Amino acid sequence: MAQSILLRSFMLHRQRVLLSTAARLRCLAPLHLSSRVAQEARSGGSSGGGALQESSGGGSNVSTDVRPIGEKIKENTKTASYTAIILAGLGVTGIMFYAIFRELFSKESSCNIYSKALERVVEDPRVQDAIGAPIKGFGETSRRGRRQHVAHSSFERNGVPHMRMQFYVQGLRNKATVQLESRRNSAGKLEFRYLFVQLDHYPRTTIVLEDNRAYDPTPERSSSAFGNLALMSNSRDK
């Protein structure tokens, strides 16, 4: 009997413990769910903020230019035209600098030929005695008395470039006119074909500083015409 009573009391106590434990679990379940929901809400809010930040960060690369296409085309065309004008100006400037450099530093330029001829004229004792020293040279004189550039012309003879020039010299007493013609010789050096100084005062004598016209290369004569005549005569004789 005593064992059955103890067994019953143990079973009742166990049921009570199980009931109280189940009741506690039912009470704690809503709290656990609420805390879990709150945690998910917090994590969701942070991820949403990151998404917003990412979207805002990505939106920074989007172009804000909302002008019409026609206006953009006009602006691009204007920029291209300005660039073409600048390039054309640079090209013209380069050509001008090249021409100036060639005129000043080339041995066959008119400036160098004039300087070389004037030096020869000034140092010649016959010219110094005729017009007096010191001697200075100058080019053509305009109606207003302004001295212009030295008159010259370039041409080719027998395939060789030549330059003909005329300028004036003035000494202490008189004036004179200088006439020259320059060319490149067989050795490739620049020489004067002739260089004359003609005195403007009476008697109008000419001082020959250099004359190489006797050394002009003779042009090759084509014998085709004479050959044709010989052939014609031979055919007639036959």
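This is a short guided tour of the structure, one selection at a time.

**Before you start**

The model is predicted, so local features are described where pLDDT is at least 70, side-chain atom pairs count only at pLDDT 80 or more, and totals for chains, interfaces and linings use all residues. Residues are numbered from 1 along each chain as its sequence is written, and side-chain values use heavy atoms, with hydrogens and water left out.

**Stop 1: the whole protein**

Show everything as a cartoon. The protein has five helices and six strands; helices are DSSP runs of H or I with at least four residues, strands are runs of E with at least two, and both are numbered from the N terminus. Following the chain from that end, you meet the elements in the order α-α-α-α-β-β-β-β-β-β-α.

Now switch on the surface. The accessible surface comes to about 18,800 Å², and 59% of that belongs to carbon and sulfur atoms; these areas come from the Shrake-Rupley method with a 1.4 Å probe, and for residues only the protein chains shown count as cover. Of the 238 residues, 17% count as buried. Here buried means under 20% relative accessible area, exposed means over 50%, and partly exposed is in between (1.4 Å probe, protein chains only).

**Stop 2: helix α3**

Select residues 110-123, which form helix α3. At 1.5 Å a residue, its 14 residues should span 20 Å, and the end C-alpha atoms are indeed 20 Å apart; the expected span is 1.5 Å times one less than the number of residues.

Next, colour S110, I113, Y114, A117, L118 and V121, which are buried in α3. They lie on the same side of α3, because they cover an arc of only 130° around the axis. That arc is taken from the directions from the helix axis to the C-beta atoms. An α-helix has 3.6 residues a turn, so residues three or four places apart point the same way.

**Stop 3: the largest nonpolar core**

Select V127, I131, M165, F167, V169, L180 and V197. Of the 23 residues in the largest nonpolar core, these touch the most other members. A nonpolar core is a set of buried Ala, Val, Leu, Ile, Met, Phe, Trp, Tyr and Cys residues joined through side-chain atoms within 4.5 Å. Which elements each supply at least two residues of this core? They are α3, α4, β3 (160-170), β4, β5 (190-199) and β6 (206-211). Helix α3 gives the most, with five residues.

Zoom in on V127. Not counting residues up to four places away in sequence, V127 touches V121, G132, I135, V197, I207 and L209; contact means heavy atoms within 4.5 Å.

**Stop 4: D124**

Select D124 in the loop between α3 and α4 (125-131). Is D124 buried or exposed? D124 is buried, with a relative accessible area of 11%. Beyond residues up to four places away in sequence, D124 touches I207 and L209. D124 and I207 are 83 residues apart in sequence, yet their C-alpha atoms are 9.8 Å apart in space. A polar atom of the D124 side chain also lies 3.0 Å from the backbone nitrogen of R126.

**Stop 5: S182 and R183 in strand β4**

Move to strand β4 (residues 175-184) and pick S182. S182 is buried, with a relative accessible area of 2%. Outside its neighbours within four places in sequence, its contacts include I113, M163 and F192.

R183 is also found in strand β4, and R183 is buried too, at 6% relative accessible area. Where does the side chain of R183 reach? It reaches the backbone oxygen of N212 at 3.1 Å. The side chain of R183 also makes a polar contact with the side chain of D216 (2.3 Å). A polar contact is a pair of N or O atoms within 3.5 Å; within protein, one must be able to donate a hydrogen and the other to accept it, and residues adjacent in sequence count only if both atoms are side-chain atoms.

**Stop 6: backbone details in the loops**

Finish with three loops.

- A cis peptide bond joins A133 and P134, with omega about 5°; P134 is in the loop between α4 and β1 (136-138).
- Another cis peptide bond joins Y202 and P203, with omega about -10°; P203 is in the loop between β5 and β6.
- N158, in the loop between β2 (151-157) and β3, has a positive phi of about 55° although it is not a glycine. N158 is partly exposed, with a relative accessible area of 48%.
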